[in-house]
Amino acid sequence: MSNVHQPCHIVVVGAGIGGLTLALGLAKQGFQVRVFEQSKALSEVGAGLQLSPNAMKVLRSLGLDTALESHSFAPEYACIRDYKSGSYYLRSPLGQEVINRYGAPYWHVHRGDLHAELVQACYANDVDIELDHKVLGYRNERNGASILLEGKTEWADLLIGADGIHSKIRELMLGIEAPLFTGQVAWRGTVPVNAIKNVQVQPDATVWAGPNQHVVTYYLKGGELINFVAVEERAEWLQESWRQEGDVKDLRQKFSGWHPEVTEILAACESSFVWALNSRPTLSKWSDGAVTLLGDACHPMLPFMAQGAAMAIEDAYVLANLLGKGSFSQAFNDYEAIRKPRVTAIQQLSRENAGLYHMHGGLTGQLKLKALSLASRYAPSIVHSKLDSVYGYDVTSLTL
Ligand SMILES: Cc1cc2nc3c(=O)[nH]c(=O)nc-3n(C[C@H](O)[C@H](O)[C@H](O)COP(=O)(O)OP(=O)(O)OC[C@H]3O[C@@H](n4cnc5c(N)ncnc54)[C@H](O)[C@@H]3O)c2cc1C
């Protein structure tokens, strides 16, 4: 595992979940890895993350599962419930049943905990994480790429842009193109469980489906916190920043009249940020000479399958292992050929869930949820067939 490869010096742009997973995977393959991160401090959004079995298999292969378990919460069921009555359209067991079916657990973790474990593992594997290093440009050279930062130029044999949906590396590779506003915004927040007095929030991963809105609720940190994501449709997003502090009174008002499990969580919430949910058309290419892209930089998606970070984690496994075999141009070609169909399918499933969760089509939308409810009760194989392709995928078992 620890033989040094040619090319051996790799720069990853972005210390998000995708960039750090890649950096760790590359270091374990014997590469010298530097991560350039624009922020002055290492941090992640103060919110939760659902880690499905397909992502957990990669994290386990990197030796992170034991450390993560102590921060995790294992939900009992994946549910879709009616926004008002709370009746169940879907109640599918997770827990041990998921481990039996897919070979890995389904966990909820705080993003900060996953990020901190990745940082620690990177340091333990001699990855250099260089903060306050905003990448401004790159140029392909004969045997690598030069990288422009404020006041200096650096060199790498290979450069990987894991710099998120507003990726500078993508822009330099493919041209300036603003991401597309999807007409959806997400309010995010966490609430201490002991601040919720009047209801017992179920220990599940729950989507509360309502007309043109939905809310996702789940526990974090062994059950100490509840995470929520409240999504609403909006015609436009006029702010320059794609994230802004929201007014919790406004949030509560938008979801007033919902089931008490939702309204009590929002009542206990003291602050929340609102995010514009953006997307991009499929990129014509992912690589350019010694440079390639990973995660949200090349395939952002709506969060309605909870798979964006999982896809970045899978990308990281594939790319690190292909590069570990030798020829980087072959590795970049194979990487795109393996990953593009997978992420395109998940992007599509995520878009479809917007219609389902928001009861699009009025009565038709409600009927679709009723049909799901019947299917989950009498023909669960129909529900499984959709999830098997997502959670049952094991990137660590591919012959790379
Ligand atoms: C509401 C919501 C809920 C979600 N829930 C889930 C979930 O439950 N499960 C799941 O799998 N996914 C979920 N996702 C998706 C997930 O958050 C993203 O797909 C994932 O974080 C992308 O990781 P990334 O590393 O590709 O990019 P990012 O996390 O965006 O990281 C990019 C990094 O690059 C840095 N950077 C950017 N530009 C530069 C530059 N020029 N120079 C240097 N550094 C730079 C940034 O500072 C940042 O640190 C959710 C998303 C949203 C919006």
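Start with the open sheet of this predicted model, and select its six strands, which follow the order β7-β2-β1-β11-β19-β18 with mixed pairing. At the edges stand β7 (128-130) and β18 (287-288), and each of them has a single partner strand, so one side of each is left without a neighbour in the sheet.

Next, select residues 9-13 and residues 32-36, which are the strands β1 and β2; these two run parallel and are joined by five bridges. To look at one pairing in detail, pick Val13, whose bridge partner in β2 is Phe36.

Now select residues 17-28, which form helix α1. If you ask the viewer for the distance between the C-alpha atoms at the two ends of α1, you should find 17 Å, and this agrees with the 16 Å that 12 residues should span at 1.5 Å a residue. Helix α1 is mostly covered, since 11 of its 12 residues are buried; among them are Ile17, Gly18, Gly19, Leu20 and Thr21. After α1 comes Gly30, which has a positive phi, near 100°.

What does α1 meet in helix α9? Add residues 308-323, which are helix α9, and you will see the two helices packed at an angle of about 25°, with their axes 8 Å apart. An angle under 35 degrees counts as roughly parallel, and α1 is therefore roughly parallel to α9. Their crossing is right-handed. On the α1 side, Ile17, Gly18, Thr21, Leu22, Gly25 and Leu26 take part, and they meet Ala309, Ala312, Ile313, Ala316, Leu319, Ala320 and Leu323 of α9.

From here, move to residues 111-124, the helix α5, and pick out Leu114 within this helix. Is Leu114 buried or exposed? Its relative accessibility is 0%, and because buried means under 20%, Leu114 counts as buried. Leaving aside the neighbours within four places in sequence, show the residues in contact with Leu114, which are Ile17, Leu49, Leu51, Leu59, Leu68 and Val109; one of these, Ile17, also belongs to the buried residues of α1. Then draw a line from the C-alpha of Leu114 to the C-alpha of Ser72, and you will find that these residues are 9.5 Å apart in space, although 42 residues apart in sequence.

To finish, return to the sheet and add residues 328-357, which are helix α10; this helix lies across β11 (158-161), β18 and β19 (291-293), and runs at about 20° to β19.

Definitions and conventions
Residues are numbered from 1 along each chain as its sequence is written. This is a predicted model: local features need pLDDT of at least 70, side-chain atom pairs count only at pLDDT 80 or more; totals for chains, interfaces and linings use all residues. Side-chain values use heavy atoms; hydrogens and water are left out. Helices (H or I, at least four residues) and strands (E, at least two) are DSSP runs, numbered from the N terminus. The expected span of a helix is 1.5 Å times one less than its number of residues. Buried means under 20% relative accessible area, exposed over 50%, partly exposed in between (1.4 Å probe, protein chains only). Contact means heavy atoms within 4.5 Å. Two strands pair if DSSP finds at least two bridges between them. Axes are lines fitted to C-alpha atoms, for helices over the stretch in contact, and angles run from 0 to 180 degrees between N-to-C directions. Angles under 35 degrees count as roughly parallel, over 145 as roughly antiparallel, 65 to 115 as roughly perpendicular and the rest as oblique. A crossing is left-handed if the near helix is turned anticlockwise from the far one by less than a right angle, and right-handed if clockwise.
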